[in-house]
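Please find below my notes on the model under review. They take up the boundary between its parts and then the ligand site.

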Amino acid sequence: MTTTRKWLLKSRPSGALQDSDFDLVTLPIPIVGDGQFLVRMTHFSFDPTQRGWLGGDTYLPAVPIGGVVRAGGIGEVIASHHPGFAAGDMVQGTFGWQEHALSDGTTETGPVTKLRAGVTPEQALGVFGVTGLTAWFGLTEIGKPNAGDTVLVSGAAGATGSVVVQIAKALGCKVIGIAGGPEKCRWVMEQAGADACIDYRAGNVARQIREHARKGVQVVFENVGGEILDAALANLALGARVVLCGGISSYNDTAEDRSPGLRNYMNLTVMRGHMQGFIVLDFAKRYGEGVAALSKLMAQGKLNTAEDIQHGFENCPATLRRLFEGKNFGKQLLVV
Ligand SMILES: NC(=O)c1ccc[n+]([C@@H]2O[C@H](COP(=O)([O-])OP(=O)(O)OC[C@H]3O[C@@H](n4cnc5c(N)ncnc54)[C@H](OP(=O)(O)O)[C@@H]3O)[C@@H](O)[C@H]2O)c1
């Protein structure tokens, strides 16, 4: 094989992602220089934050027009002139949507790492990757739940939310999930162990939260934003912590679509609560600690995960869209 394919960003997306926002190009496989190695990609992670990276500058610079679409993934080193990596190594990094990636051992979001023995690519990109680490650090460092607290988790059937539910249960909290549809809600309760799960498509979310948490919620782990966050803010307990992990409901909004704001934010004042955002990269130096904690929960049988695996490099854009259509069940991955 002498050629390889890459997905490039063709134009800055406006609204929901379209196939026409991307270009699939075929190029020669690059030559491996001194201090470099070549990775044949096997798995890609799909993350809502990729929508932000395509739209403009965020906590990372925007993917440039004509640039390879930024994405985390795993692959096998197939040639190396780098002292730290050898052919056959399975490696993880932000390699982007390309079948073959040339690397010097670093990526935009940190160093390329080797897969730990006994960890599958699905686990490395999911529960022990950005997803699980976001759940761990966001909940324990920002939400700081105490045993007996009521924790409300939106996006509860998703990759991050489902791990948050289970960490909170392991810490002795009452957990209320919010997810789209009865099938996802059933999974959140039966497999992730939430005490209750609200189907946000089935009606008044604020009222449903109140029915499950008469005295309010001490911790909100927010993945969705908008109306769902507003419903959570209406149900805060005294001193509540709102962890602003994400707001996927608005990621496709154009400037014109953007909602004017939250109606219930003054409840933070009344209940002496606080709302704090974070980016998991802030905890990069402590990832080992997070992986150890998540591994322990898994060994104790307290962490169930679900992976949604799509196939085929040509399906990268369609797979990313699944996150915004609520089609994914658990961690969205693609096998090349
Ligand atoms: N702060 C950080 O460092 C950090 C790191 C990782 C992830 N995040 C954030 O965490 C959140 C979850 O990410 P993830 O990777 O775990 O994805 P995910 O939850 O596995 O997938 C996204 C889910 O969001 C829900 N959703 C999509 N559009 C929606 C809408 N308009 N209204 C309500 N729900 C909607 C869908 O679930 P339903 O079918 O249940 O609607 C969908 O399955 C995102 O907001 C992401 O940006 C933040």
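1. The rule finds zero salt bridges across the interface of domain 1 and domain 2. Polar contacts do occur there: six residue pairs, with both partners at pLDDT 80 or more, are in polar contact across this interface. On the side of domain 1 that touches domain 2, the residues divide into nine nonpolar, eight polar and four charged. The reader should bear in mind that this is a predicted model.

2. The division into domains deserves attention when the sequence is read alongside the structure. Domain 1 comprises 3-126 + 305-335, and domain 2 comprises 130-282 + 292-297. Each domain is thus listed as two segments of the sequence. Their contact draws 21 residues from domain 1 and 16 residues from domain 2. The centres of the two domains, taken over C-alpha atoms, are 28 Å apart.

3. The extent of the interface can be stated as an area. About 1,500 Å² is buried between domain 1 and domain 2, and carbon and sulfur atoms give 61% of this area. Which three residues supply more than any other three of the area that domain 1 buries against domain 2? They are Tyr-59, Phe-324 and Phe-329, and their share is 32%.

4. The ligand has 26 residues around it, of which Thr-160, Lys-184, Tyr-200, Val-280 and Asn-328 come nearest. By the domain bounds, Asn-328 falls within the 305-335 segment of domain 1, whereas Thr-160, Lys-184, Tyr-200 and Val-280 fall within the 130-282 segment of domain 2.

5. Polar distances to the ligand may be inspected individually. In the side chain of Lys-184, an N or O atom is 2.6 Å from an oxygen atom of the ligand. For the side chain of Thr-160, the corresponding distance from an N or O atom to a ligand oxygen atom is 2.7 Å. Gly-180 takes part through its backbone, where a polar atom is 2.8 Å from an oxygen atom of the ligand. Taken alone, the ligand exposes 910 Å², and the protein buries 90% of that.

Terms used
Residues are numbered from 1 along each chain as its sequence is written. This is a predicted model: local features need pLDDT of at least 70, side-chain atom pairs count only at pLDDT 80 or more; totals for chains, interfaces and linings use all residues. Side-chain values use heavy atoms; hydrogens and water are left out. Domain bounds come from an automatic or database domain assignment. Contact means heavy atoms within 4.5 Å. Buried area is the accessible area (1.4 Å probe) that two parts lose on being put together, summed over both. A salt bridge is a side-chain nitrogen of Lys or Arg within 4 Å of a carboxyl oxygen of Asp or Glu. A polar contact is a pair of N or O atoms within 3.5 Å; within protein, one must be able to donate a hydrogen and the other to accept it, and residues adjacent in sequence count only if both atoms are side-chain atoms. Ala, Val, Leu, Ile, Met, Phe, Trp, Tyr, Cys and Pro count as nonpolar, Asp, Glu, Lys and Arg as charged, and the others, Gly among them, as polar. A residue is near a molecule or strand if one of its heavy atoms lies within 4 Å of it. Accessible areas come from the Shrake-Rupley method with a 1.4 Å probe; for residues, only the protein chains shown count as cover.
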